[in-house]
Amino acid sequence: MRGNWRDTMKKSMKNHGKFAVLFVALGFGCMAASAANYTYQGGGVDPNEWFDDLNWSDAGGAASWPTAADNALFTVANKNMTISQVVPEHAQFQVGRGNATTNSGGVIANSATIVAGGVVTNSGQTVVGILNKGRGTLVIDGGSLVTPVIQINVAGGTAGQVPDPASIMQVKSGSVEVGSGNVLLGPNAPGTLEISGGSMVINHELRFYDGYLDIIGAAGMLDIGTVFNWGMQASKTSEVAFMLGSAGGVSTITADSISFVGTQSLVVDGSLTTVGTAQNLVLIDLVTDTFSPAEFAALTNALSLVNMADGALSLSGDSHQLLFTGTPIPFKLTKNWEFNTAGNTEGFTTYSLNSHLVGLTVTNAINGSESVLTCADIAGNDPQFYYNQGAANSALFIPAGGGKWRTLEMRLRQINANPDEVGVVSQPFNISGTLLGGFAPGFINLAGITPGPFCTIEAGADNWIVATYDISSFGTNDLRALRVDPIGGASSNSNFEVDYIRIYSDELNYGVNEPATIISSAVVAGGLLKLEINAPTPALSYLKSRSNLVFGSWTNAPHSDNAVGPFVFSNLTYSTASGTNVLIYVQTDEPAEFFGIGPE
């Protein structure tokens, strides 16, 4: 029995009081009167202990923990909980609850991670991102979640409330079961649902309003019992991305039926793949429904390929399955800094124009087994460290090695004091003001360590994050220098730890664009041409046009794989086979127009 007899009696009386209120409330037909909103404070000796009075407080200020008809609310910014216990069934579980009355102020971001041994069950709903500027992160990583409804980025009942679009639910391992209700993804702001392992069983509908549904690798399962509503509003775009695993392959979305509203985006992404062989995949499997010809045509037009040499959609013979066949462009680790040798910063130095970062070194992390890059003291705002500052030493330039640059990956965290200070602990990452850039050939700012068009963030245990940057815009240029500002904003009282920095590029000589040749052209009708093209690498070949060979330049031109359209900007995988060649159709209204084939 935990605690002393006074604590035990206090809790017994408190539970008895709840029972009495519940009984009276039922007598008056109003069960809601017994519920309390318990906000997570994380003030206990162990902030991950559910049954610790100091980790929770309710609206009246009483110390207890949520149970029965209570709501467990994560409303305090940067308060994160890892759940490894079987917790009492409660009414609602809300992560990333923002401001109910105003859209001013900063984002309220927090997270909950359910790991092995953790079981969270509620009778009302699970919410990830709610109210103004609420940013929730809910991770299922070995544990279980049982809930009747899931909503990701919901306004909360008041018009004009907008949650933060970085809210995300990740299923990495373990299980999620959604019982009597539905899953709503992005009803009031774009949200993300990511499945990379484990299982997510939705007994009813997935209603996809706005945002991103990411299926990563072949280890996870998403099973939708009734309808996969791919889009719910005509004005919104809903993107489904299938990211092939390191060995190729991706798991299948299973649903009873499917419906389409608004704009769909379908992405097949080979960025994580280390193999360069053709993949034959089942993307979506419908149990009773089928894909109509119009739906298939729309998905074909919505398809985009990332780090794929080629790829195309097809349907199974009974039209129940959406299929994909394509070849990923494999990647390789081109340059890495692992920081495993004490005192060896592996070429990184402090910024020579200020002394805000003092004593850059490599040593053991404050906890765990990592060896890290850190410093003795942060002495001012905007500390920076560099690899080859100013690109001054050409011997330190990093060549792409024959392929195009792919990604830069960095694992790091912030700590609340200098590493040798008593009581130092890790803290949630302050994402503001942190920059990373490169020279290729000039300085390029890839934006902060925050989710965005060039950066994805994966949160881990003990406040570690992995930031992955898309550096494909560097092409095949030498990477001349790197800069990292490891402390966000004016957090001069904090410090940092970097576990590793790794840079990836396409495999050597893979995907080299072989010249394509226009074999013949024919007028199909007024302003419509049919071109036959020999294209050894269609995924890397694009139609170009210009109206004057003396002035102007070649620009990308739209084409179609048939005479009717649609006519879109794409590579030559959007074509019709003609023996070893391909056929495309081109519209023109110029009195004289010239066409050619070239790289993007």
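1. Let me start with the parallel pairing. Strand S10 (residues 168–178) runs parallel to strand S13 (residues 199–202), and the two share 4 bridges. If you want a register check, Ser175 has Ser199 in S13 as its bridge partner. Bear in mind throughout that this is a predicted model.

2. S13 has another parallel neighbour: strand S16 (residues 221–230), again over 4 bridges. Here the residue pair to look up is Val201 with its bridge partner Asp223 in S16.

3. On to the packing. Which residues of the largest nonpolar core touch the most other members? That core has 60 residues, and the ones in question are Met169, Met200, Leu213, Phe228 and Ile284. Leu213 is a good one to click on: leaving aside residues up to four places away in sequence, its contacts include Leu185, Leu193, Leu206, Phe208 and Leu222. Phe228, Val240, Ala241 and Ile253 are also among the residues touched by Leu213, and so is Glu239. There is also a second, separate core, this one of 32 residues, with Cys375, Ile378, Ala400 and Ile503 among its members.

4. Now the aromatics. Over the whole structure, 16 aromatic pairs turn up. Take Phe74 and Phe93: the ring centres are 5.5 Å apart and the planes sit at 65 degrees, which makes the pair edge-to-face, because planes over 60 degrees apart are classed that way. Phe74 belongs to strand S3 (residues 71–74) and Phe93 to strand S5 (residues 90–97), so this pair ties together parts 19 residues apart in sequence. Both Phe74 and Phe93 are buried.

5. Compare that with Tyr351 and Tyr386. Their ring centres are 5.4 Å apart, but the planes make an angle of 35 degrees, so this pair counts as tilted. The two tyrosines link distant parts of the chain, 35 residues apart: Tyr351 is in the loop between strand S25 (348–350) and strand S26 (357–364), and Tyr386 is in strand S28 (residues 385–387). Tyr351 and Tyr386 are both buried.

6. Some rings go beyond simple pairs. Trp337, Phe339, Phe348, Phe385, Tyr387 and Phe496 are linked by ring pairs into a cluster. Phe339 deserves a look for its backbone too: phi is near 55 degrees, a positive value in a residue that isn't glycine. You'll find Phe339 in the loop between strand S24 (331–337) and S25. With 0% relative accessibility, Phe339 counts as buried.

7. While we're on positive phi, check Asn153 as well. Its phi is about 70 degrees, and Asn153 is not a glycine either. Asn153 sits within a strand, S9 (residues 150–154). Is the residue buried or exposed? Asn153 comes out at 0% relative accessibility, so it counts as buried.

8. Two arginines are placed over rings. The charged end of Arg411 sits over the ring of Trp464, 4.3 Å from the ring centre. Arg502 lies over the face of Tyr500, with a distance of 3.6 Å to the ring centre.

9. Further along the chain there is an open sheet of 4 strands, in the order S37-S38-S42-S41, with antiparallel pairing. Strand S37 (517–525) and strand S41 (576–578) are the edges, each pairing on one side only. From one strand to the next the twist averages 30 degrees. S37 and strand S38 (residues 528–534) are joined by 7 bridges in the antiparallel sense, and Ser521 finds its bridge partner in S38 at Leu531.

10. Another open sheet has 3 strands in the order S40-S39-S43, also with antiparallel pairing. Its edge strands are strand S40 (555–556) and strand S43 (594–598), which each pair on one side only. Strand S39 (residues 542–546) and S43 are antiparallel over 5 bridges. For the register, Arg546 has Phe594 in S43 as its bridge partner.

11. Last one, and a useful item for anyone checking omega angles. Where is there a cis peptide bond? The bond from Gly565 to Pro566 is cis, with omega near 10 degrees. Pro566 lies in the loop between S40 and S41, and those two strands are edges of the sheets described in the two points above.

Definitions and conventions: Residues numbered from 1 in each chain as written. Predicted model: local features only at pLDDT ≥ 70, side-chain atom pairs only at ≥ 80, totals over all residues. Heavy atoms only, no water. Pairing = 2+ DSSP bridges. Axes fitted to C-alpha atoms, helices over the stretch in contact; angles between N-to-C directions. Phe/Tyr/Trp six-rings, centres within 6.5 Å; stacked < 30°, edge-to-face > 60°. Buried < 20%, exposed > 50% of the residue type's maximum accessible area, 1.4 Å probe, protein only. Lys NZ or Arg CZ within 6 Å of the ring centre and 35° of its normal. Core = buried A, V, L, I, M, F, W, Y, C linked by side-chain atoms within 4.5 Å. Contact = heavy atoms within 4.5 Å.
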